[in-house]
Amino acid sequence: MNRIKEATILAVGLVVLGWFVKCGINDFANKDRQVTVKGLAEREVDADQVTWSISTTEMGDDLPALYQRISQQAGKIKAFLVKNGLNENEITINPPSVNDLEANQWSENRKAYRYMASTTVTVYTKEVKKVNDVIYKQGELLEQGVAIESGYPSYEFKSFQKLKPEMMQEAIKNAQKTAEQFAEASGADLCGIQTAGQGQFDIEDRDQNTPYIKKIRVVTTVTYSLKD
């Protein structure tokens, strides 16, 4: 009778031990189950800062007269910009640079004039739309006898930091949706986040024809744990 009890107790013990071993194996197997996904968020925004430079050049043999003429031309450019609504405080006239074309004693080419003076007027402003409008009115300077060389404006989006938290949140939500789809397909439950990257942000022109419209893109990598 005692042997039967002992055998019964032993059998029950083995069953319980087996259950614990199975749970331990399952826990161990599930411990390292995880899925790593990427989340994407994109926005199109208008540039909120622009830098635009306009250069002019004069040539002559009389340096004082040349300096006076180049200063007058720079003044006309500045007046043209102010007339079209740009703030005078956001306009900078660089000091003129003078090149002596006969300074190279080895040059065999005879120049029509000895000196060439150049200066650049630069606008740095948040008035992006005004600058875009003024670009199409540069012919007015030509009518005033101002020979100009206008570079392409450089557009920036300075308010980027304000968008970062919102876009990161959107990227993580999109990553979670992808992870949930994976978990559902594999018959598992999605658990908490194990690791998450800060996200890689890129800002570029939407296209070459509209550099004043920026495309912001963030990609974040998130690792979730899975449980059967």
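# A guided look at helix H5 and its surroundings

Visitor: Where is the kink in H5 centred?
Guide: In this predicted model, H5 has a kink of about 30°. To find the spot, look along residues 160-185, which make up the helix. The kink is centred on Glu166.

Visitor: How far does helix H5 reach from its first C-alpha to its last?
Guide: Start with what you'd expect: H5 has 26 residues, and at 1.5 Å a residue the expected reach is 38 Å. The model comes close to that. From first C-alpha to last, H5 reaches 37 Å.

Visitor: Which residues of H5 are buried?
Guide: It helps to know that residues three or four places apart on an α-helix point the same way, because there are 3.6 residues a turn. Now run along H5 and pick out the buried residues. They are Phe160, Leu163, Met167, Met168, Ala171, Ala175, Ala179 and Ala183.

Visitor: Which strands do the buried residues of H5 pack against?
Guide: The chain has five helices and ten strands to choose from. The buried residues of H5 pack against strands from separate stretches of the chain, including residues 34-46 and residues 213-227. The full list is S1, S8, S9 and S10.

Visitor: How many aromatic pairs does the structure hold, and what is the angle between the planes of Tyr155 and Tyr212?
Guide: A pair of rings is described by the distance of the centres and the angle of the planes. The structure holds two aromatic pairs. In one of them, Tyr155 and Tyr212, the centres are 5.8 Å apart, and the pair is edge-to-face because the planes are at 65°.

Visitor: How many residues apart in sequence are the parts that Tyr155 and Tyr212 tie together?
Guide: Tyr155 sits in strand S7, while Tyr212 is in the loop between S9 and S10. Tyr155 is buried at 9% relative accessible area, whereas Tyr212 is partly exposed at 30%. Their places in the chain are what count here, so the pair ties together parts whose separation in residues is 57.

Visitor: Where in the structure does the partner of Phe160 in its aromatic pair lie?
Guide: Phe160 pairs with Phe201, edge-to-face, at 5.1 Å centre to centre and 75° between the planes. Both of these residues are buried. Phe160 belongs to helix H5, and its partner, 41 residues apart from it, lies in strand S9.

Visitor: Which residue lies over the face of Phe201?
Guide: You've just met Phe201 as the buried partner of Phe160. Its ring face has another neighbour, 5.5 Å from the ring centre. That residue is Lys164.

Visitor: What is the C-alpha to C-alpha distance between Gly187 and Leu226?
Guide: Gly187 comes just after H5 and takes a positive phi of about 70°. This glycine is in the loop between H5 and S8, and at 57% relative accessibility it counts as exposed. Although Gly187 and Leu226 are 39 residues apart in sequence, their C-alpha distance in space is 9.7 Å.

Visitor: Is Ser225 buried or exposed?
Guide: Ser225 has its place in strand S10. Beyond its neighbours within four places in sequence, its contacts include Arg33, Asp189 and Cys191. The relative accessibility is 16%, below the 20% cut-off, so Ser225 counts as buried.

Visitor: Which aromatic residues is Val128 in contact with, leaving aside neighbours within four places in sequence?
Guide: Val128 lies in helix H3 and is buried, with a relative accessible area of 9%. Its C-alpha is 8.8 Å from that of Asp46, 82 residues away along the chain. Among its contacts are Ala47 and Val50, and the aromatic ones are Tyr155 and Tyr212.

Visitor: What is the separation between the C-alpha atoms of Phe80 and Lys137?
Guide: Phe80 is in helix H2 and is buried, at 3% relative accessible area. It touches Val134, Lys137, Gln138, Glu140 and Leu141, not counting residues up to four places away. Phe80 and Lys137 are 57 residues apart along the chain, and their C-alpha atoms are separated by 9.3 Å.

Visitor: Over which residues does pLDDT stay under 50?
Guide: The chain as a whole has a mean pLDDT of 84, with 83% of residues at 70 or more. One stretch stays under 50, and the model has two contacts for it beyond four places in sequence. That stretch is residues 5-30.

Conventions:
Residues numbered from 1 in each chain as written. Predicted model: local features only at pLDDT ≥ 70, side-chain atom pairs only at ≥ 80, totals over all residues. Heavy atoms only, no water. Helix = DSSP H or I, 4+ residues; strand = E, 2+ residues; numbered from the N terminus. Expected span 1.5 Å × (residues − 1). Bend = angle between axes of the 7 residues up to and from the residue. Buried < 20%, exposed > 50% of the residue type's maximum accessible area, 1.4 Å probe, protein only. Contact = heavy atoms within 4.5 Å. pLDDT = per-residue confidence, 0-100. Phe/Tyr/Trp six-rings, centres within 6.5 Å; stacked < 30°, edge-to-face > 60°. Lys NZ or Arg CZ within 6 Å of the ring centre and 35° of its normal.
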